[in-house]
There are 2 protein chains.
Amino acid sequence: MNIGDVAALTGLPAKTIRYYEEIGLITPRRDTNGYRRFGEGEVHKLGFIGRARSLGFSIEECRTLLALYEDRNRASADVKRIAQGHLELVDAKIAELKAMRATLGHLVESCAGDHRPDCPILEDLAVRPHKPQEERG
Amino acid sequence: MNIGDVAALTGLPAKTIRYYEEIGLITPRRDTNGYRRFGEGEVHKLGFIGRARSLGFSIEECRTLLALYEDRNRASADVKRIAQGHLELVDAKIAELKAMRATLGHLVESCAGDHRPDCPILEDLAVRPHKPQEERG
DNA sequence: CCTAAGGGTTCCTCCAACTGGAAGGTCAAG
DNA sequence: CTTGACCTTCCAGTTGGAGGAACCCTTAGG
């Protein structure tokens with residue numbers, strides 16, 4: 001199996017697969033012509049990584065998860081800790097974005113958006129000693 | 001005013017302020033000794049940028065907003081369009097994170113997190129043809 | 001034989017938005 | 001004079017790849 005087939009199977013770009021090899025996530029064999037040759041194991045690993053990435057795990061978390069996956073003696077607690085930590089990070093990010101969204105939403109609503117120059121958005125950016133306002137309607 | 005004072009006033013790291021000069025967001029004068037000298041204008045600009053950044057606007061968006069701010073003939077519609085576009089991006093990001101959070105939350109809940117090796121999180125990453133599961137149990 | 005296509009390979013640069021650190025100049029105080 | 005805080009420049013690294021150049025391999029067709 002060449003890299004193109006693996007890309008099609010896993011949905012990962014070939015570039016990404018090469019990159020994953022470069023950083024040591026996978027180590028496919030080589031044909032005599034220098035082409036990477038992938039077996040089921042590699043494809044499976046790449047699928048695993050792809051799914052973990054799509055859940056927002058960092059590359060290093062993926063590396064750890066993969067190691068745990070291949071360790072038949074792992075404790076599920078180790079995995080759960082990583083997932084939990086990541087979950088908290090995601091929650092924090094969501095909260096941050098929501099705060100941004102609230103402020104931004106208020107500003108957008110308050111702006112007439114016409115040909116005139118008066119703009120509450122710019123005024124706010126210009127002077128407000130930025131603590132995100134909650135409600136003031 | 002030296003860069004340290006400006007950093008204290010605006011809350012931006014000195015490194016960041018230097019970076020903003022490098023990319024042309026600001027152009028402070030120089031003292032004879034080579035130190036950057038900041039006036040009120042610069043400090044005001046930096047505050048503006050800092051607040052815009054904290055709302056998630058990109059540097060290039062900040063550049064545009066700043067230009068609009070300084071253009072007395074701008075139309076508020078131009079500003080609103082940028083903010084609106086950014087708002088949609090933020091909403092998309094939130095939605096994406098929420099989807100991740102949901103899947104991740106299910107997985108974390110379903111994992112015992114003890115000394116045993118059985119782990120639904122790893123099993124899911126290993127085999128699931130990843131469409132985020134909604135509800136199941 | 002040559003050619004063209006569609007793989008593959010390596011290597012290098014670039015992205016955002018900084019951050020860290022090294023090596024060195026400047027300034028005010030003791 | 002020395003110390004320490006501040007400033008300067010420049011270089012490298014971060015995350016997770018994307019883009020592209022230059023070149024090799026393979027196969028099909030004429």
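How much area does chain A expose, and what share of it do carbon and sulfur atoms supply?

**View 1. The exposed surface of chain A in a predicted model.** Chain A exposes about 7,700 Å². Carbon and sulfur atoms supply 51% of that area. As for burial, 40% of the 137 residues count as buried.

**View 2. The helices and strands of chain A.** Chain A holds six helices and two strands. Their order along the sequence is α-α-β-β-α-α-α-α. Two helices thus open the pattern, the two strands follow, and four helices close it.

**View 3. The two assigned domains of chain A.** Domain 1 covers 3-74. Domain 2 covers 92-127. Between the C-alpha centres of domain 1 of chain A and domain 2 of chain A lie 42 Å.

**View 4. The overall dimensions of chain A.** The C-alpha trace spans about 70 × 40 × 20 Å along its principal axes. The radius of gyration of chain A is 23 Å. For a compact globule of 137 residues, a value near 14 Å would be expected.

**View 5. Contacts across the sequence of chain A.** Consider the contacts between residues at least 6 apart in sequence. Of these, 41% join residues at least 24 apart.

**View 6. The charges of chain A.** Chain A carries 21 positive and 21 negative charges. The mean position of the positive charges and that of the negative charges are 5 Å apart.

Technical notes. Residues numbered from 1 in each chain as written. Chains lettered and ligands numbered in written order. Predicted model: local features only at pLDDT ≥ 70, side-chain atom pairs only at ≥ 80, totals over all residues. Heavy atoms only, no water. Rg over C-alpha atoms; globule rule 2.2 N^0.38 Å. Buried < 20%, exposed > 50% of the residue type's maximum accessible area, 1.4 Å probe, protein only. Contact = heavy atoms within 4.5 Å. Areas by Shrake-Rupley, 256 points an atom, 1.4 Å probe, with all protein chains shown as cover. Lys, Arg positive; Asp, Glu negative; His and termini not counted. Charge placed at Lys NZ, Arg CZ, Asp CG, Glu CD. Domains from an automatic or database assignment.
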